[in-house]
Amino acid sequence: MDSQLTQLCDSARQVVDGLGLAADEESSWALMAELGWFMVSAAEELGGLGLGIAGACALHQELGRSLSRVPFLPQMLAIEAVSRSPLAQQDEWLPSMLSGERVVTAALGESSFHLEKNTDGGFRLNGLVQAVPSADSASYLIVESAQHNCVALVGSAQPGMTLIARPTWDVTRRLFDIQADDVVLEKNLVLVEGDASQILIQQLAVLRDFALAADAVGASQALLKLTVEYLQTRVQFGRPLALFQALKHRCADLKALTDGADSLLQDNLAAVLDTHGEVVLTVETEMKARATKQLACSAFATVAEESLQLHGGIGMTSEHECHLFLKRALLNEHLGRSQESYDLGLADLFIASTQ
């Protein structure tokens, strides 16, 4: 990690530590907008900071440490989509998105949206998209067709769009399913069509996987630190729990697992970027992104389960913050795609890369 990203992480950590664990979504969003965090990945010529996906992941890792409720990733995906499209109103859309004034969300779950072209060249949207964070506070949604032939912006309050709140175990995120029934898309809000849409969808998938991995790594590090501090202060049989050899070994295993996930994140990020910090789209890039997300989220789930046990009886109470981490870990495994589909997808990509 270069000095610029290190400084970004250090300053971001001070901010999220000040906000506290799972801080209020609305006030956190306003503060992040004021600090210019939504500008981190956009190119400098577009009004951003030019730190690309590496900068976005650095912030996601710090936000993961605090279990941030802010839908930062959907906004990053939307900015990436608009930045890479020939949208005529790009000069109007990007500044308001980078400042946080215009909230645009994107799905982190499966999509069955179908786009049909009208005789006038426009599109009609039908279907369901799952796991859209904070959709009720967003004015627009980035949609990808199931056929991978179109990426567009659609108003979340447009006629035919129905938001369905999805209760989740993880209280640090508010997720919605969105049903579209014969929704007419505005022609000027179609970002890309045809082959170009497949490239953009791949770029968004790579960003999403790396960002979710960074969130999981940051949360794992924070939870392990919290657990070790508890073991150092909790006394049993006249000795701090941290002095018991069996517990030392368990913590050492969790440390190795967390550091391994962090190392894979940093190494794979560096491997998929060119000299200008841009993602080079190849089969190997997609495989590295999926592998990073799979390992990081699996490690987070393991750390969360073990940490709950290491906290003993108090860790079993639903009010303890261990549960916030555990619930987020279990949800992270299913955002993007399920762990099982990642495993199968990785196997297919690995076989393809060896042929």
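Colleague: Let's start with β5 and β8. How many bridges join them, and do the strands run parallel or antiparallel?

Modeller: There are 3 bridges between β5 and β8, and the two strands run antiparallel. Bear in mind that this is a predicted model. As a general idea, strands of a sheet pair through backbone hydrogen bonds, either parallel or antiparallel. For a place to look on screen, find C150, whose bridge partner in β8 is E193.

Colleague: What order do the strands of the sheet take?

Modeller: The open sheet has 4 strands in the order β1-β4-β5-β8, with mixed pairing. At the edges stand β1 (104–106) and β8 (190–193); each has a single partner strand, so one side of each is left without a neighbour in the sheet. From one strand to the next, the twist averages 25°.

Colleague: Which strands make the pairing mixed?

Modeller: Take the pairs in turn. β1 and β4 (residues 140–144) run parallel, joined by 3 bridges; within that pair, A106 has I142 of β4 as its bridge partner. β4 and β5, by contrast, run antiparallel and are joined by 5 bridges. There, V143 stands opposite A152 in β5.

Colleague: Which helix packs on the sheet?

Modeller: That is α6 (residues 195–233), which touches β4, β5 (150–155) and β8. The direction of α6 makes about 110° with that of β8.

Colleague: How should I read the side chains of β5, and are they buried or exposed?

Modeller: In a regular strand the side chains alternate between the two faces of the sheet. Here C150, A152 and V154 point one way from β5, while V151, L153 and G155 point the other way. Both sets are buried, which amounts to 6 of the 6 residues of β5.

Colleague: Which residue takes a positive phi in the hairpin of β4 and β5?

Modeller: It is H148, in a hairpin with 5 residues between the strands. The phi of H148 is about 60°, although H148 is not a glycine. With a relative accessible area of 38%, H148 is partly exposed.

Colleague: And what is the phi of A22?

Modeller: A22 has a positive phi of about 50°, and A22 is not a glycine either. You will find A22 in the loop between α1 and α2. A22 counts as buried, because its relative accessibility is 10% and the cut-off for buried is under 20%.

Colleague: Now for the empty space. How many cavities of 30 Å³ or more are there?

Modeller: Rolling a probe the size of a water molecule over the atoms shows where empty space is left. In this model the count is 2 cavities of 30 Å³ or more. The largest holds about 190 Å³ of space. Its lining has 19 residues, and those closest to the cavity's centre are V70, F72, L73, R173 and R328.

Colleague: Which helices supply the lining of the largest cavity, and what classes of residue are found there?

Modeller: α3 (52–65), α4 (72–83) and α6 each supply at least two residues of that lining. By class, there are 10 nonpolar, 4 polar and 5 charged residues. So α6 is a helix to revisit: α6 also packs on the sheet.

Colleague: What lines the second largest cavity?

Modeller: The second largest cavity has a volume of about 50 Å³. Its lining includes V16, L19, M32 and R69, and also A22, the residue with the positive phi. Two or more lining residues come from each of α1 (3–19) and α2 (25–35). The classes are 5 nonpolar, 4 polar and 1 charged.

Technical notes
Residues are numbered from 1 along each chain as its sequence is written. This is a predicted model: local features need pLDDT of at least 70, side-chain atom pairs count only at pLDDT 80 or more; totals for chains, interfaces and linings use all residues. Side-chain values use heavy atoms; hydrogens and water are left out. Two strands pair if DSSP finds at least two bridges between them. Axes are lines fitted to C-alpha atoms, for helices over the stretch in contact, and angles run from 0 to 180 degrees between N-to-C directions. Contact means heavy atoms within 4.5 Å. On a 1 Å grid over the protein atoms alone, a cavity is a set of points where a 1.4 Å probe fits but cannot get out, and a pocket is an open set with protein on both sides within 12 Å along at least five of seven lines; lining residues have an atom within 4 Å of a point. Grid points are joined across faces, edges and corners, and a volume is the space filled by probe spheres set on the points. Ala, Val, Leu, Ile, Met, Phe, Trp, Tyr, Cys and Pro count as nonpolar, Asp, Glu, Lys and Arg as charged, and the others, Gly among them, as polar. Buried means under 20% relative accessible area, exposed over 50%, partly exposed in between (1.4 Å probe, protein chains only).
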